[in-house]
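Me: I have a model open on my screen and would like a close look at a single part of it. Could you take me through the sheet, one piece at a time, and then show me how its surroundings fit in?

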Amino acid sequence: MPDFRNPAAFFLLLLVPFLFILRACGLFTRMAFPATLSDWGGKTFEWKGRLRSAASFISRIFIIAAFALTVAALADPVVYYQERVYTSRGADVLFVVDTSPSMAVKDIANMTRLDAARRAIRTLSSETGGMSFGLVAMATEAALVVPPTTDRAVFFSRLDSLAIGNLGDGSAIGTGLSTAVYHLCSSASPKKCIVLVTDGENNAGSIHPETAAELAKKNRIAVYALGIGTKGAVPLDYVDPKTGRVYSGYLQSDFDPVPLERIASLSGGKYYGVQTTGDLANVLSSIGREVSVVQTYHLRTESTRYYDRLIVAAVILFALALFIRRLYLQELI
(Lines give C-alpha, C1' and ligand atoms only; values in the text may rest on other atoms or scores of the structure.)
Protein backbone atom coordinates (compact mmCIF):
# COMPACT_ATOMS: atom_id res chain seq x y z
CA MET A 1 0.00 0.00 0.00
CA PRO A 2 1.71 3.27 -1.14
CA ASP A 3 1.68 6.28 1.16
CA PHE A 4 3.51 9.57 1.75
CA ARG A 5 4.82 10.55 5.17
CA ASN A 6 5.14 14.24 4.24
CA PRO A 7 2.40 14.98 1.67
CA ALA A 8 2.64 18.74 2.30
CA ALA A 9 5.82 18.73 0.18
CA PHE A 10 3.66 18.47 -2.96
CA PHE A 11 2.69 22.13 -2.51
CA LEU A 12 6.16 22.89 -3.87
CA LEU A 13 4.91 21.80 -7.29
CA LEU A 14 2.90 25.04 -7.38
CA LEU A 15 6.23 26.82 -7.95
CA VAL A 16 6.29 25.55 -11.56
CA PRO A 17 3.09 27.27 -12.78
CA PHE A 18 3.94 30.26 -10.58
CA LEU A 19 7.27 30.64 -12.40
CA PHE A 20 5.53 30.58 -15.80
CA ILE A 21 3.07 33.22 -14.59
CA LEU A 22 5.93 35.47 -13.47
CA ARG A 23 7.67 35.04 -16.82
CA ALA A 24 4.43 35.90 -18.62
CA CYS A 25 4.35 39.09 -16.54
CA GLY A 26 7.90 39.92 -17.60
CA LEU A 27 9.64 38.83 -14.41
CA PHE A 28 12.38 36.18 -14.16
CA THR A 29 12.80 36.21 -17.93
CA ARG A 30 16.03 35.17 -19.56
CA MET A 31 18.42 38.01 -20.36
CA ALA A 32 18.83 38.49 -24.12
CA PHE A 33 20.64 41.02 -26.31
CA PRO A 34 19.17 41.41 -29.81
CA ALA A 35 21.70 41.39 -32.65
CA THR A 36 21.02 41.70 -36.38
CA LEU A 37 23.37 39.72 -38.58
CA SER A 38 23.07 40.50 -42.31
CA ASP A 39 24.91 42.00 -45.26
CA TRP A 40 24.30 45.62 -46.20
CA GLY A 41 20.86 45.54 -47.76
CA GLY A 42 21.01 41.73 -47.85
CA LYS A 43 19.03 38.91 -46.25
CA THR A 44 18.90 38.72 -42.45
CA PHE A 45 20.46 35.62 -40.80
CA GLU A 46 17.95 32.95 -39.76
CA TRP A 47 18.80 30.12 -37.34
CA LYS A 48 17.37 26.80 -38.57
CA GLY A 49 18.74 24.52 -35.86
CA ARG A 50 15.78 22.18 -35.37
CA LEU A 51 17.97 19.69 -33.55
CA ARG A 52 19.17 22.36 -31.15
CA SER A 53 15.58 23.48 -30.55
CA ALA A 54 14.58 19.90 -29.76
CA ALA A 55 17.56 19.52 -27.41
CA SER A 56 16.59 22.72 -25.61
CA PHE A 57 13.00 21.47 -25.22
CA ILE A 58 14.15 18.08 -23.92
CA SER A 59 16.46 19.72 -21.39
CA ARG A 60 13.52 21.75 -20.06
CA ILE A 61 11.46 18.56 -19.70
CA PHE A 62 14.36 16.92 -17.81
CA ILE A 63 14.61 19.87 -15.44
CA ILE A 64 10.85 19.87 -14.71
CA ALA A 65 10.84 16.09 -14.23
CA ALA A 66 13.87 16.28 -11.92
CA PHE A 67 12.16 18.96 -9.86
CA ALA A 68 9.00 16.84 -9.65
CA LEU A 69 11.02 13.80 -8.53
CA THR A 70 12.78 15.92 -5.90
CA VAL A 71 9.42 17.09 -4.55
CA ALA A 72 8.15 13.50 -4.53
CA ALA A 73 11.26 12.44 -2.61
CA LEU A 74 10.67 15.21 -0.05
CA ALA A 75 7.14 13.84 0.38
CA ASP A 76 8.88 10.67 1.67
CA PRO A 77 7.04 7.95 -0.30
CA VAL A 78 6.76 4.59 1.38
CA VAL A 79 5.10 1.30 0.44
CA TYR A 80 3.61 -0.79 3.23
CA TYR A 81 3.11 -4.52 2.90
CA GLN A 82 2.17 -7.33 5.25
CA GLU A 83 4.39 -10.32 5.85
CA ARG A 84 3.43 -13.59 7.45
CA VAL A 85 5.44 -14.57 10.51
CA TYR A 86 4.90 -18.24 11.27
CA THR A 87 4.79 -19.21 14.93
CA SER A 88 4.57 -22.97 14.38
CA ARG A 89 6.74 -25.42 12.45
CA GLY A 90 5.85 -26.40 8.88
CA ALA A 91 6.85 -29.44 6.85
CA ASP A 92 10.49 -30.24 6.04
CA VAL A 93 11.10 -31.10 2.39
CA LEU A 94 14.55 -32.30 1.35
CA PHE A 95 15.21 -32.55 -2.40
CA VAL A 96 17.69 -35.20 -3.56
CA VAL A 97 18.68 -34.07 -7.06
CA ASP A 98 20.62 -36.24 -9.48
CA THR A 99 23.60 -34.33 -10.96
CA SER A 100 25.03 -37.14 -13.11
CA PRO A 101 25.95 -36.33 -16.77
CA SER A 102 22.67 -37.71 -18.11
CA MET A 103 20.88 -34.78 -16.41
CA ALA A 104 22.48 -32.59 -19.12
CA VAL A 105 20.13 -34.10 -21.71
CA LYS A 106 17.88 -31.45 -23.29
CA ASP A 107 14.54 -33.19 -23.68
CA ILE A 108 12.23 -31.07 -21.49
CA ALA A 109 11.09 -27.84 -23.20
CA ASN A 110 14.56 -27.49 -24.77
CA MET A 111 16.07 -27.33 -21.27
CA THR A 112 18.38 -29.75 -19.56
CA ARG A 113 16.73 -32.06 -17.08
CA LEU A 114 18.59 -30.37 -14.25
CA ASP A 115 17.49 -26.88 -15.34
CA ALA A 116 13.86 -28.03 -15.65
CA ALA A 117 14.01 -29.55 -12.17
CA ARG A 118 15.68 -26.43 -10.79
CA ARG A 119 12.97 -24.16 -12.24
CA ALA A 120 10.12 -26.30 -10.89
CA ILE A 121 11.70 -26.52 -7.42
CA ARG A 122 12.15 -22.75 -7.36
CA THR A 123 8.51 -22.22 -8.32
CA LEU A 124 7.24 -24.58 -5.61
CA SER A 125 9.38 -23.07 -2.86
CA SER A 126 8.44 -19.52 -3.91
CA GLU A 127 4.72 -20.23 -3.71
CA THR A 128 4.82 -22.26 -0.48
CA GLY A 129 5.27 -20.27 2.71
CA GLY A 130 6.07 -21.80 6.07
CA MET A 131 7.77 -24.92 4.74
CA SER A 132 11.48 -25.60 5.13
CA PHE A 133 13.35 -26.73 2.03
CA GLY A 134 16.74 -28.42 1.83
CA LEU A 135 18.90 -29.86 -0.91
CA VAL A 136 21.14 -32.91 -1.42
CA ALA A 137 23.22 -33.27 -4.60
CA MET A 138 23.67 -36.84 -5.74
CA ALA A 139 25.78 -38.58 -8.40
CA THR A 140 28.53 -41.15 -7.70
CA GLU A 141 28.66 -39.52 -4.27
CA ALA A 142 26.12 -37.49 -2.31
CA ALA A 143 26.52 -34.25 -0.38
CA LEU A 144 24.21 -32.03 1.63
CA VAL A 145 24.09 -28.68 -0.17
CA VAL A 146 21.78 -26.91 2.27
CA PRO A 147 19.84 -28.29 5.27
CA PRO A 148 16.08 -27.59 5.49
CA THR A 149 15.65 -23.85 5.89
CA THR A 150 12.95 -21.21 5.56
CA ASP A 151 15.50 -18.73 4.19
CA ARG A 152 14.55 -18.73 0.51
CA ALA A 153 17.50 -16.57 -0.55
CA VAL A 154 19.98 -19.12 0.82
CA PHE A 155 18.05 -22.03 -0.65
CA PHE A 156 17.85 -20.45 -4.12
CA SER A 157 21.54 -19.59 -4.05
CA ARG A 158 22.48 -23.21 -3.28
CA LEU A 159 19.98 -24.50 -5.83
CA ASP A 160 21.55 -22.35 -8.55
CA SER A 161 25.01 -23.63 -7.58
CA LEU A 162 24.20 -27.21 -8.58
CA ALA A 163 26.50 -28.35 -11.39
CA ILE A 164 26.45 -31.49 -13.46
CA GLY A 165 29.39 -33.87 -13.02
CA ASN A 166 30.99 -32.39 -9.90
CA LEU A 167 30.12 -35.49 -7.86
CA GLY A 168 30.96 -38.06 -10.53
CA ASP A 169 29.19 -39.76 -13.40
CA GLY A 170 27.11 -42.38 -11.58
CA SER A 171 23.81 -42.40 -9.68
CA ALA A 172 24.16 -43.48 -6.06
CA ILE A 173 20.48 -43.24 -5.24
CA GLY A 174 20.84 -45.22 -2.00
CA THR A 175 23.62 -42.93 -0.78
CA GLY A 176 21.61 -39.83 -1.67
CA LEU A 177 18.52 -41.05 0.15
CA SER A 178 20.42 -42.14 3.25
CA THR A 179 22.14 -38.73 3.38
CA ALA A 180 18.74 -37.06 3.29
CA VAL A 181 17.32 -39.39 5.96
CA TYR A 182 20.28 -38.67 8.24
CA HIS A 183 19.60 -34.93 8.10
CA LEU A 184 15.84 -35.29 8.55
CA CYS A 185 15.53 -37.97 11.24
CA SER A 186 16.22 -35.54 14.11
CA SER A 187 13.88 -32.84 12.78
CA ALA A 188 10.95 -31.83 15.00
CA SER A 189 8.78 -31.00 12.00
CA PRO A 190 5.27 -32.57 12.04
CA LYS A 191 5.79 -33.81 8.46
CA LYS A 192 9.00 -34.78 6.70
CA CYS A 193 9.54 -35.97 3.18
CA ILE A 194 12.25 -36.55 0.57
CA VAL A 195 11.70 -35.66 -3.08
CA LEU A 196 14.05 -37.70 -5.26
CA VAL A 197 14.63 -36.27 -8.75
CA THR A 198 16.57 -38.65 -10.98
CA ASP A 199 16.66 -39.96 -14.55
CA GLY A 200 18.38 -43.28 -13.99
CA GLU A 201 18.85 -46.37 -11.93
CA ASN A 202 21.09 -46.93 -8.94
CA ASN A 203 24.55 -47.84 -10.30
CA ALA A 204 26.94 -46.53 -7.64
CA GLY A 205 27.36 -46.31 -3.89
CA SER A 206 27.47 -48.96 -1.18
CA ILE A 207 23.91 -48.47 0.16
CA HIS A 208 21.02 -50.18 -1.58
CA PRO A 209 18.13 -47.77 -2.35
CA GLU A 210 15.58 -50.11 -0.74
CA THR A 211 17.61 -50.15 2.46
CA ALA A 212 17.56 -46.33 2.47
CA ALA A 213 13.80 -46.37 1.77
CA GLU A 214 13.16 -48.68 4.72
CA LEU A 215 15.30 -46.43 6.91
CA ALA A 216 13.17 -43.49 5.79
CA LYS A 217 9.98 -45.34 6.70
CA LYS A 218 11.31 -46.12 10.20
CA ASN A 219 11.84 -42.40 10.72
CA ARG A 220 8.40 -41.58 9.27
CA ILE A 221 9.87 -39.89 6.20
CA ALA A 222 7.99 -40.39 2.93
CA VAL A 223 9.99 -40.59 -0.29
CA TYR A 224 8.46 -39.14 -3.47
CA ALA A 225 10.41 -40.42 -6.47
CA LEU A 226 10.34 -38.45 -9.74
CA GLY A 227 11.63 -40.25 -12.83
CA ILE A 228 12.47 -37.31 -15.09
CA GLY A 229 13.06 -37.41 -18.83
CA THR A 230 11.71 -38.93 -22.03
CA LYS A 231 12.64 -42.29 -23.51
CA GLY A 232 14.53 -42.96 -26.74
CA ALA A 233 17.40 -41.10 -28.40
CA VAL A 234 17.77 -37.69 -26.73
CA PRO A 235 20.31 -34.88 -27.47
CA LEU A 236 23.21 -34.49 -25.05
CA ASP A 237 25.78 -31.68 -24.75
CA TYR A 238 28.03 -31.97 -21.73
CA VAL A 239 31.48 -30.77 -20.67
CA ASP A 240 33.20 -32.85 -18.01
CA PRO A 241 34.18 -30.34 -15.25
CA LYS A 242 37.19 -32.44 -14.25
CA THR A 243 38.75 -33.30 -17.62
CA GLY A 244 37.26 -30.59 -19.82
CA ARG A 245 36.23 -33.23 -22.35
CA VAL A 246 33.18 -32.38 -24.47
CA TYR A 247 30.44 -34.94 -25.01
CA SER A 248 27.98 -34.12 -27.79
CA GLY A 249 25.52 -36.36 -29.56
CA TYR A 250 22.57 -38.53 -28.60
CA LEU A 251 21.95 -40.65 -25.52
CA GLN A 252 19.68 -43.68 -25.47
CA SER A 253 17.38 -42.96 -22.54
CA ASP A 254 15.43 -45.99 -21.35
CA PHE A 255 15.60 -46.51 -17.58
CA ASP A 256 13.32 -48.88 -15.68
CA PRO A 257 10.87 -47.04 -13.35
CA VAL A 258 10.12 -50.17 -11.30
CA PRO A 259 13.02 -49.65 -8.79
CA LEU A 260 11.88 -46.06 -8.19
CA GLU A 261 8.30 -47.23 -7.71
CA ARG A 262 9.59 -49.78 -5.18
CA ILE A 263 11.54 -47.10 -3.27
CA ALA A 264 8.48 -44.85 -3.05
CA SER A 265 6.21 -47.72 -2.01
CA LEU A 266 8.52 -48.96 0.77
CA SER A 267 8.69 -45.51 2.36
CA GLY A 268 5.01 -44.70 2.07
CA GLY A 269 5.48 -42.20 -0.72
CA LYS A 270 4.61 -42.15 -4.43
CA TYR A 271 6.32 -42.44 -7.80
CA TYR A 272 5.76 -39.99 -10.65
CA GLY A 273 6.96 -40.17 -14.23
CA VAL A 274 7.84 -36.69 -15.53
CA GLN A 275 8.33 -35.90 -19.21
CA THR A 276 7.29 -32.24 -19.55
CA THR A 277 7.64 -29.04 -17.56
CA GLY A 278 3.88 -29.15 -16.96
CA ASP A 279 4.17 -32.64 -15.48
CA LEU A 280 7.00 -31.50 -13.24
CA ALA A 281 5.16 -28.42 -11.99
CA ASN A 282 1.95 -30.36 -11.33
CA VAL A 283 3.75 -33.16 -9.50
CA LEU A 284 5.68 -30.83 -7.21
CA SER A 285 2.56 -28.78 -6.55
CA SER A 286 0.69 -31.96 -5.63
CA ILE A 287 3.48 -33.03 -3.28
CA GLY A 288 3.48 -29.58 -1.68
CA ARG A 289 -0.24 -29.82 -0.95
CA GLU A 290 0.08 -33.37 0.38
CA VAL A 291 2.81 -32.58 2.91
CA SER A 292 1.51 -29.18 3.97
CA VAL A 293 0.40 -28.73 7.56
CA VAL A 294 -1.79 -26.15 9.24
CA GLN A 295 0.41 -23.46 10.77
CA THR A 296 -0.30 -20.55 13.05
CA TYR A 297 1.06 -17.14 12.10
CA HIS A 298 0.61 -13.42 12.63
CA LEU A 299 0.87 -10.57 10.14
CA ARG A 300 3.74 -8.11 10.43
CA THR A 301 3.64 -4.79 8.62
CA GLU A 302 6.85 -3.91 6.78
CA SER A 303 7.68 -0.82 4.74
CA THR A 304 10.02 0.18 1.93
CA ARG A 305 11.11 3.80 1.49
CA TYR A 306 11.76 5.24 -1.97
CA TYR A 307 13.40 8.55 -0.99
CA ASP A 308 16.91 7.52 -2.07
CA ARG A 309 15.79 6.11 -5.43
CA LEU A 310 13.85 9.26 -6.34
CA ILE A 311 16.76 11.50 -5.39
CA VAL A 312 19.14 9.47 -7.54
CA ALA A 313 16.73 9.68 -10.49
CA ALA A 314 16.39 13.46 -10.00
CA VAL A 315 20.18 13.94 -9.91
CA ILE A 316 20.55 11.93 -13.13
CA LEU A 317 17.94 14.07 -14.91
CA PHE A 318 19.54 17.30 -13.65
CA ALA A 319 22.92 16.05 -14.87
CA LEU A 320 21.52 15.22 -18.31
CA ALA A 321 19.90 18.64 -18.59
CA LEU A 322 23.18 20.31 -17.56
CA PHE A 323 25.08 18.22 -20.12
CA ILE A 324 22.71 19.24 -22.94
CA ARG A 325 22.74 22.93 -22.07
CA ARG A 326 26.42 23.41 -21.27
CA LEU A 327 28.21 21.01 -23.61
CA TYR A 328 25.81 20.74 -26.55
CA LEU A 329 23.93 24.03 -26.56
CA GLN A 330 26.87 25.85 -24.91
CA GLU A 331 24.59 27.96 -22.75
CA LEU A 332 25.54 29.59 -19.46
CA ILE A 333 22.28 28.30 -17.83
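Reply: Happy to. Let's begin in the middle of things, with strands E3 and E6, which run parallel to each other and are joined by seven bridges. Please keep in mind that this is a predicted model. A good pair to find on your screen is Asp98 and Met138 of E6, which stand opposite each other.

Stay on E6 for a moment, at residues 132-138. Is this strand mostly covered or mostly open? Mostly covered: seven of its seven residues are buried. In a regular strand, side chains alternate between the two faces of the sheet. Here, Ser132, Gly134, Val136 and Met138 point to one side of E6, while Phe133, Leu135 and Ala137 point to the other, and all of them are buried.

From E6, step across to E7. These two strands are antiparallel and share five bridges. They form a hairpin, with three residues between them. Met138 is handy again here, as its bridge partner in E7 is Ala142.

Now go back to E3 and look towards E8. E3 covers residues 92-98 and E8 covers residues 192-198, and the two pair in parallel over six bridges. Val97 and Val197 of E8 stand opposite each other.

With those pairs in place, you can trace the whole sheet. It is open and has six strands, in the order E7-E6-E3-E8-E9-E12, with mixed pairing. Which strands stand at the edges? They are E7 (142-149) and E12 (271-274); each has a single partner strand, so one side of each has no neighbour in the sheet. On average, neighbouring strands in this sheet are turned by 15° against each other, ignoring direction.

Next, bring helix H3 into view. H3 spans residues 113-127 and packs on the sheet, where it touches E3, E6, E8 and E9 (222-228). The direction of H3 makes about 170° with that of E3.

A useful residue to pick out in helix H3 is Ala116. Ala116 has a relative accessible area of 3%, so it counts as buried. Which residues does Ala116 contact, apart from its neighbours within four places in sequence? They are Ile108, Met111 and Leu280. The C-alpha atoms of Ala116 and Leu280 are 8.1 Å apart, although 164 residues separate the two along the chain.

You can follow a second link of this kind from Ser125. The C-alpha atoms of Ser125 and Ser285 are 9.6 Å apart, with their positions 160 residues apart along the chain. Ser285 belongs to helix H8, residues 277-291. With a relative accessibility of 29%, Ser285 counts as partly exposed.

Two loop residues are also worth a click while you are here. Most residues other than glycine have a negative phi. Asn110 has a positive phi, near 60°. You will find Asn110 in the loop between strands E4 (106-108) and E5 (111-112). Its relative accessible area is 67%, so Asn110 is exposed.

The other one is Arg220, whose phi is also positive, near 55°. Arg220 sits in the loop between helix H6 (209-218) and E9, so following the chain from there takes you back to a strand of the sheet you have just traced. At 75% relative accessibility, Arg220 is exposed too.

For a look at the outside, find the nonpolar surface patch of about 430 Å² made by Leu12, Leu15, Phe18, Leu74 and Tyr307. One of these, Leu12, lies in the loop between strand E1 (2-4) and helix H1 (15-24). Leu12 is partly exposed, at 35% relative accessibility.

Finally, zoom out to set the sheet in its context. The protein has nine helices and 13 strands. Of its 333 residues, 40% are buried. Among the contacts between residues at least 6 apart in sequence, 79% join residues at least 24 apart. The accessible surface comes to about 19,200 Å², and 58% of it belongs to carbon and sulfur atoms.

Notes:
Residues numbered from 1 in each chain as written. Predicted model: local features only at pLDDT ≥ 70, side-chain atom pairs only at ≥ 80, totals over all residues. Heavy atoms only, no water. Pairing = 2+ DSSP bridges. Helix = DSSP H or I, 4+ residues; strand = E, 2+ residues; numbered from the N terminus. Axes fitted to C-alpha atoms, helices over the stretch in contact; angles between N-to-C directions. Contact = heavy atoms within 4.5 Å. Buried < 20%, exposed > 50% of the residue type's maximum accessible area, 1.4 Å probe, protein only. Patch = residues over 30% accessible without salt bridge, like charges linked within 9 Å, V, L, I, M, F, W, Y side chains within 5 Å. Areas by Shrake-Rupley, 256 points an atom, 1.4 Å probe, with all protein chains shown as cover. Salt bridge = Lys/Arg side-chain N within 4 Å of Asp/Glu carboxyl O.
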